[in-house]
Amino acid sequence: MALMIVLETLSPTERAVFVLREAFGISYDEIAAAVGKSPAAVRQIAHRAREHVDARRPRGEVAPNQARAVLESFQRAFETRDLQGLLDVLAPQIVLISDGGGVKQASPRPITGADKVARFIVGGLGKADVVLTSEHTLVNGNPALVLRVNGEIDGVIAVRVEDAASPASTTSATRRS
């Protein structure tokens with residue numbers, strides 16, 4: 001999921017060059033023909049894309065008990081719709097990706113930044129007079145919350161904690177069905 005988010009920050013040409021070269025090992029000449037650029041330009045695009053991806057790779061993960069503590073802080077703020085509590089636990093560079101699965105309304109684009117993400121969460125929750133609960137689980141090996149609205153499963157928030165010493169550096173994805 002984190003790599004997908006990083007790839008979304010690349011331009012379409014950078015993304016195509018990066019994936020074709022790094023994932024499939026296609027030659028620069030073949031990629032150049034596919035994207036309508038010279039092989040030299042494709043080499044430069046690949047170099048810049050690799051630097052871009054490397055600069056945004058997740059840093060070392062924290063111990064499970066630290067991740068759990070961050071998730072519990074997030075959970076309390078989420079369930080109580082506490083804007084400041086969310087701002088305290090979210091990393092400044094957080095990215096939220098939502099997917100309504102074609103069933104629920106969701107944000108069509110990733111939301112970046114702690115303030116925007118917190119306001120999106122609290123704003124969306126504030127519109128409904130519902131009982132909101134959540135429980136801990138794992139998604140792709142990372143801590144997550146299963147969300148329930150009035151007792152019914154409504155979605156999942158998957159969280160990646162990168163540095164528990166500072167605000168949580170997280171990437172969240174919500175899927176509602």
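Which residues are exposed on the other side of α5? Asn65 and Arg76 are. Exposed here means over 50% relative accessible area, buried means under 20%, and partly exposed lies in between, with a 1.4 Å probe and protein chains only.

This is a predicted model, in which local features need pLDDT of at least 70, side-chain atom pairs count only at pLDDT 80 or more, and totals for chains, interfaces and linings use all residues. Residues are numbered from 1 along each chain as its sequence is written, and side-chain values use heavy atoms, with hydrogens and water left out.

## Overall layout

The chain has seven helices and six strands. These are DSSP runs numbered from the N terminus: helices are H or I with at least four residues, strands are E with at least two. From the N terminus on, the order is α-α-α-α-α-α-β-β-α-β-β-β-β. Of the 177 residues in the chain, 36% are buried. Contact means heavy atoms within 4.5 Å. Among contacts with a separation of 6 or more, 49% join residues 24 or more positions apart.

## Helix α5 and Leu71

Helix α5 covers residues 64–79. Its 16 residues should span 22 Å at 1.5 Å a residue, and the end C-alpha atoms are 22 Å apart, which agrees. The expected span is 1.5 Å times one less than the number of residues.

The buried residues of α5 are Ala67, Val70, Leu71, Phe74, Gln75, Ala77 and Phe78. They cover an arc of only 165 degrees around the axis, which puts them on the same side of α5. The arc is taken over the directions from the helix axis to the C-beta atoms. An α-helix has 3.6 residues a turn, so residues three or four places apart point the same way.

Leu71 sits in α5. Leu71 is buried, with a relative accessible area of 2%. Leaving aside residues up to four places away in sequence, Leu71 touches His136, Pro143, Ala144, Leu145 and Val159. Leu71 and Ala158 are 87 residues apart in sequence, yet their C-alpha atoms are 9.8 Å apart in space.

## Helix α2 and its crossing with α4

Helix α2 spans residues 12–23 and has 12 residues. Its first and last C-alpha atoms are 16 Å apart, close to the 16 Å expected at 1.5 Å a residue. Glu14, Val17 and Phe18 are its buried residues. Seen down the axis of α2, they fall within an arc of 100 degrees, so they line one face of the helix. Pro12 and Ala23 are exposed on the other side of α2.

Two packed helices are described by the angle between their axes and the distance between the axes. For α2 and helix α4 (residues 39–56), the axes come within 9 Å and cross at roughly 90 degrees. Axes are lines fitted to C-alpha atoms, for helices over the stretch in contact, and angles run from 0 to 180 degrees between N-to-C directions. The two helices are therefore roughly perpendicular to each other. That class takes angles of 65 to 115 degrees; under 35 counts as roughly parallel, over 145 as roughly antiparallel, and the rest as oblique.

On the α2 side, the contact is made by Thr13, Glu14, Val17, Phe18, Arg21 and Glu22. On the α4 side, Val42, Ile45, Ala46, Arg48, Ala49, Arg50 and Val53 take part. By class, this contact has seven nonpolar, one polar and five charged residues. Nonpolar covers Ala, Val, Leu, Ile, Met, Phe, Trp, Tyr, Cys and Pro; charged covers Asp, Glu, Lys and Arg; the others, Gly among them, are polar.

## Helix α3

In helix α3 (residues 28–35), Tyr28, Ile31 and Ala32 are buried. Seen down the axis of α3, these residues fall within an arc of 105 degrees, so they line one face of the helix. The buried residues of α3 pack against α2 and α4. The face turned away from that buried side carries the exposed residues Glu30, Ala33 and Ala34.

## Positive phi values

| Residue | Phi | Place |
|---|---|---|
| Gly25 | about 65 degrees | just after α2 |
| Gly36 | near 70 degrees | following α3 |
| Arg81 | about 60 degrees | just after α5 |
| Asn150 | near 50 degrees | loop between β4 and β5 |

Arg81 is a residue other than glycine with a positive phi. Arg81 lies in the loop between α5 and α6 (83–89). Arg81 is partly exposed, at 27% relative accessible area. Asn150 is likewise a residue other than glycine. Its loop joins β4 (142–149) and β5 (152–158). Asn150 counts as partly exposed at 49% relative accessibility.
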